[in-house]
Amino acid sequence: MDGIVWRLVFVLFPEPIKLNKMKLEEKVAIVTGASSGLGAAFAMALVAKGVVVYGLARNLEKLTTLQSKLGNGFIPVGMDITHYEGVASWTQSTFTDSHLPNILINNAGAGYFNKIDELTLEQWHAMVNTNLNGMFYLSSNIVPFMKMNSSSCHIINIGSILGKTSRIGAAGYSTSKYGIQGFSEALFKELRNDNIKVTCVNPGSIDTHFFEDSGIEPHHNMLQPDDIAAFVVSILETPDNFLVDEITLRPLNPKRVT
Ligand SMILES: NC(=O)c1ccc[n+]([C@@H]2O[C@H](COP(=O)([O-])OP(=O)(O)OC[C@H]3O[C@@H](n4cnc5c(N)ncnc54)[C@H](OP(=O)(O)O)[C@@H]3O)[C@@H](O)[C@H]2O)c1
């Protein structure tokens, strides 16, 4: 084919534009609620990508057991994220202008499902303090360090399908998860010009220990934490100018008995 024909082919069938994926290797992440379930799956998936992960949770023993599987890329941090002073002092003593965080996954969560006249004050406070206050304490302390980072940063907030719709007995939990939705929407608009992405991930039922003592029955066809972790890693790997601001994940057939 002569040159003119090649040029015509190129105009008619141009190469697809290839966007560079964000490289995760050697990035620094904070994952709350890393001692079990989805948080532990995030930690595993990120360490496998070469990310240094600070895993936060109250149960230090479980975190240390996870470190023995994952190695030194996982750093256990025993912390109750509902205590502001603890979150603030850990952040200030861990990060400096030469050691900056890139990824924050606000995953730790509490859920109690009771009708309004049966939901205890303790359960209400646990949900608001963990799901909302904890997320604010981490985000407000980490964002100043992310703003110092010349590479792009990403905050992932784990909401829920119950932050999009609700059910009987979920008034407290849905209050917190709708709150996460609003927080994430405002934050993505606030931080986009600082090169910080914010994504709200709203999963349906996941096969973790979450339902123990929660007041609702798990079913037999739930989402798997490793699948969600792999999917979130792919969101983190999107090119710099590509934002997934919000996403809902559901089991296709939640009622199917396998
Ligand atoms: N499972 C589901 O069906 C489902 C569906 C939609 C959304 N979600 C959301 O997914 C997230 C992860 O839940 P999961 O299913 O993985 O449940 P999980 O296995 O019960 O994990 C919850 C994690 O949060 C940590 N945590 C709770 N309170 C904390 C506190 N005050 N300070 C620090 N860490 C705290 C727990 O660790 P310690 O006890 O060691 O502190 C644990 O690691 C939650 O935000 C949940 O709302 C779950």
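Let's start with two helices, α2 and α7: in this predicted model, their axes come within 8 Å and cross at roughly 50°. Angles under 35 degrees would count as roughly parallel and 65 to 115 as roughly perpendicular, so α2 is oblique to α7. Helix α7 covers residues 225–236, and α2 passes α7 in a right-handed crossing. Which residues of α2 and α7 make the contact? From α2 come Gly 37, Leu 38, Ala 41, Phe 42, Met 44, Ala 45 and Leu 46. Across from them, α7 offers Pro 225, Asp 226, Ile 228, Ala 229, Ala 230, Val 232 and Val 233. If you sort this contact by class, you find 12 nonpolar residues, one polar and one charged.

Keep your eye on α2, for this helix leads us to the ligand. In all, 30 residues surround the ligand. The closest of them are Gly 33, Gly 37, Arg 58, Asn 59 and Gly 109. Gly 37 is a name you have already met, in the contact of α2 with α7. Three elements give two or more residues to the shell: α2 (37–48), β2 (52–57) and α5 (121–148). Which element gives the largest share of the shell? That is α2, with three residues. What about the classes of residue in the shell around the ligand? There are 17 polar residues, 10 nonpolar and three charged.

Now find β2 again, this time as part of a sheet. Seven strands form an open sheet with parallel pairing, and their order is β3-β2-β1-β4-β5-β6-β7. At the edges are β3 (74–78) and β7 (246–249), each of which pairs on one side only. Ignoring direction, neighbouring strands of this sheet are turned by 15° against each other on average. Take one pair of strands for a close look: β1, residues 28–32, runs parallel to β2 and is joined to β2 by five bridges. Here you can spot Ala 29 standing opposite Val 53 in β2.

From the sheet, move on to α6, a helix of residues 171–191. α6 lies across β5 (153–158), β6 (196–203) and β7, and runs at about 160° to β6. α6 also has a helix as a partner: the axes of α5 and α6 come within 8 Å and cross at roughly 15°. The two helices are therefore roughly parallel to each other, and their crossing is right-handed. On the α5 side of the contact, look for Gln 123, Trp 124, Met 127, Val 128, Asn 131, Leu 132, Met 135 and Val 143. They meet Gly 172, Tyr 173, Ser 176, Lys 177, Gly 179, Ile 180, Phe 183 and Leu 191 in α6. By class, this contact of α5 with α6 has 10 nonpolar, five polar and one charged residues.

Our last stop is another partner of α5. Helix α4, residues 84–94, has an axis that comes within 9 Å of the axis of α5, and the two cross at roughly 25°. With that angle, α4 is roughly parallel to α5. Is the crossing of α4 and α5 left-handed or right-handed? It is right-handed. Tyr 84, Val 87, Ala 88 and Thr 91 of α4 make the contact with Tyr 137, Leu 138, Asn 141 and Ile 142 of α5. Here the classes are six nonpolar residues, two polar and no charged ones.

Note on methods
Residues are numbered from 1 along each chain as its sequence is written. This is a predicted model: local features need pLDDT of at least 70, side-chain atom pairs count only at pLDDT 80 or more; totals for chains, interfaces and linings use all residues. A residue is near a molecule or strand if its C-beta atom, placed from the backbone, lies within 6 Å of it. Helices (H or I, at least four residues) and strands (E, at least two) are DSSP runs, numbered from the N terminus. Ala, Val, Leu, Ile, Met, Phe, Trp, Tyr, Cys and Pro count as nonpolar, Asp, Glu, Lys and Arg as charged, and the others, Gly among them, as polar. Axes are lines fitted to C-alpha atoms, for helices over the stretch in contact, and angles run from 0 to 180 degrees between N-to-C directions. Angles under 35 degrees count as roughly parallel, over 145 as roughly antiparallel, 65 to 115 as roughly perpendicular and the rest as oblique. A crossing is left-handed if the near helix is turned anticlockwise from the far one by less than a right angle, and right-handed if clockwise. Two residues are in contact if their C-beta atoms, placed from the backbone, lie within 7 Å. Two strands pair if DSSP finds at least two bridges between them.
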